[in-house]
Amino acid sequence: MIHSLPITGKTQIYGIIGYPVTHTFSPLIQNAAFQAIQADAVYLAFEVHPDKLPAAIEGIRSLQVCGINVTVPHKINVVPHLDEVTATAQRIGAVNTIKNQDGRLIGTNTDGQGFIRSLSELPFIPQNKTIVILGAGGSARSILVALAEAKAEQISLVNRTISKSQQLVDEFSPIFPETQLRTEQLENLHNISIDLLVNTTSVGMDGDKSPADLNEFKMVQHVADIIYTPQQTPLLKQAKQLNIPCINGLGMLLYQGCEAFEFWTQQKAPIALMKTTLMQLLK
Ligand code: ATR
């Protein structure tokens with residue numbers, strides 16, 4: 001049993017900005033983690049209208065807020081307001097975590113690394129692997145960067161709007177010369193051996209559509225769907241039926257939070273506790 005620490009004159013403030021933000025799981029997960037390490041810190045949700053984003057960032061500075069998560073729709077627009085952005089966040093072009101280091105706001109992006117950490121539950125290591133990503137939006141971008149940084153051998157992007165997947169290929173091929181990036185039609189991938197198929201599209205959120213029929217592929221070794229509501233999308237149900245090891249998006253959600261916590265505190269995140277807290281929220 002964890003007891004809350006009293007709020008004091010020295011309590012450090014952390015939080016999340018988004019619009020809307022009230023549905024977020026982060027306050028319960030991060031406050032549980034702060035309590036576990038006996039930190040005199042509190043984590044709150046702040047609803048920030050897009051017009052008020054510059055003022056909110058100024059507020060972080062003037063109120064000396066120690067750390068902030070950034071969610072939709074601010075992840076891209078926040079970047080010009082920061083003093084420093086990590087190489088990974090620069091590549092992704094979006095920030096989901098800000099640390100206030102002695103008045104300097106440093107932005108990073110823990111989404112991709114959170115995804116990579118979630119793969120350990122399969123287990124799966126991206127190095128030298130052939131990977132297919134469905135989708136070419138913001139999530140696909142952070143996952144593509146993380147997989148290429150983890151030295152995947154080949155990444156094929158499949159997207160409804162081909163110009164968007166092609167744009168990612170054109171942008172990242174020169175940055176990651178050791179990873180073969182290409183845009184593909186799903187049909188052209190049916191006869192290759194795929195080590196990991198990742199769904200980053202929203203197809204499956206309604207519970208009755210799947211972005212791919214796994215029966216049509218010669219070989220898919222692992223499946224990851226970044227959707228976590230529902231916890232079992234039609235794609236994941238099919239993977240289970242076919243005995244293909246698979247994960248949903250809860251791991252990515254959990255581990256991006258663990259990475260943010262570690263970025264702020266320089267301490268190991270209490271992963272088991274954060275996971276239990278998240279699972280209780282979903283009950
Ligand atoms: P996120 O930040 O979660 O990645 P996003 O940037 O809006 O969200 O990207 C959503 C992705 O899901 C896109 O790749 C989108 O395809 P388009 O680029 O063609 O829009 C994909 N997507 C959404 N609805 C889809 C549908 N019904 N069928 C196929 N792809 C879909």
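Tutor: Let's start with a term: a residue is buried if its relative accessible area is under 20%. This is a predicted model, and buried residues make up 51% of the 283 residues in the chain.

Student: Then why is I13 called partly exposed?

Tutor: Partly exposed runs between the buried limit of under 20% and the exposed limit of over 50%. I13 has a relative accessible area of 31%, so it's partly exposed. You'll find I13 in strand β1, residues 12–18.

Student: What makes I13, L44 and F46 a nonpolar patch?

Tutor: A patch takes residues with over 30% relative accessible area and no salt bridge, and nonpolar side chains are joined within 5 Å. I13, at 31%, clears that area cut-off. Together with L44 and F46, I13 forms a surface patch with about 210 Å² of accessible area.

Student: How do you know that the chain is as compact as a globular protein of its length?

Tutor: Count the elements before that: nine helices and 14 strands. The radius of gyration is 19 Å, and the globule rule gives 19 Å for 283 residues, so the chain is as compact as a globular protein of that length.

Student: What makes the R160 pair with the ligand a polar contact?

Tutor: The cut-off is a pair of N or O atoms within 3.5 Å. A ligand oxygen sits 2.9 Å from an N or O atom in the R160 side chain, so the pair qualifies. Another ligand oxygen entry is the one 2.8 Å from a polar backbone atom of S139. For S202, a polar side-chain atom lies 3.4 Å from a ligand nitrogen. The protein covers 61% of the 640 Å² of accessible area that the ligand has on its own.

Methods:
Residues numbered from 1 in each chain as written. Predicted model: local features only at pLDDT ≥ 70, side-chain atom pairs only at ≥ 80, totals over all residues. Heavy atoms only, no water. Patch = residues over 30% accessible without salt bridge, like charges linked within 9 Å, V, L, I, M, F, W, Y side chains within 5 Å. Areas by Shrake-Rupley, 256 points an atom, 1.4 Å probe, with all protein chains shown as cover. Salt bridge = Lys/Arg side-chain N within 4 Å of Asp/Glu carboxyl O. Helix = DSSP H or I, 4+ residues; strand = E, 2+ residues; numbered from the N terminus. Buried < 20%, exposed > 50% of the residue type's maximum accessible area, 1.4 Å probe, protein only. Polar contact = N/O pair within 3.5 Å; in protein donor to acceptor, adjacent residues only side chain to side chain. Rg over C-alpha atoms; globule rule 2.2 N^0.38 Å.
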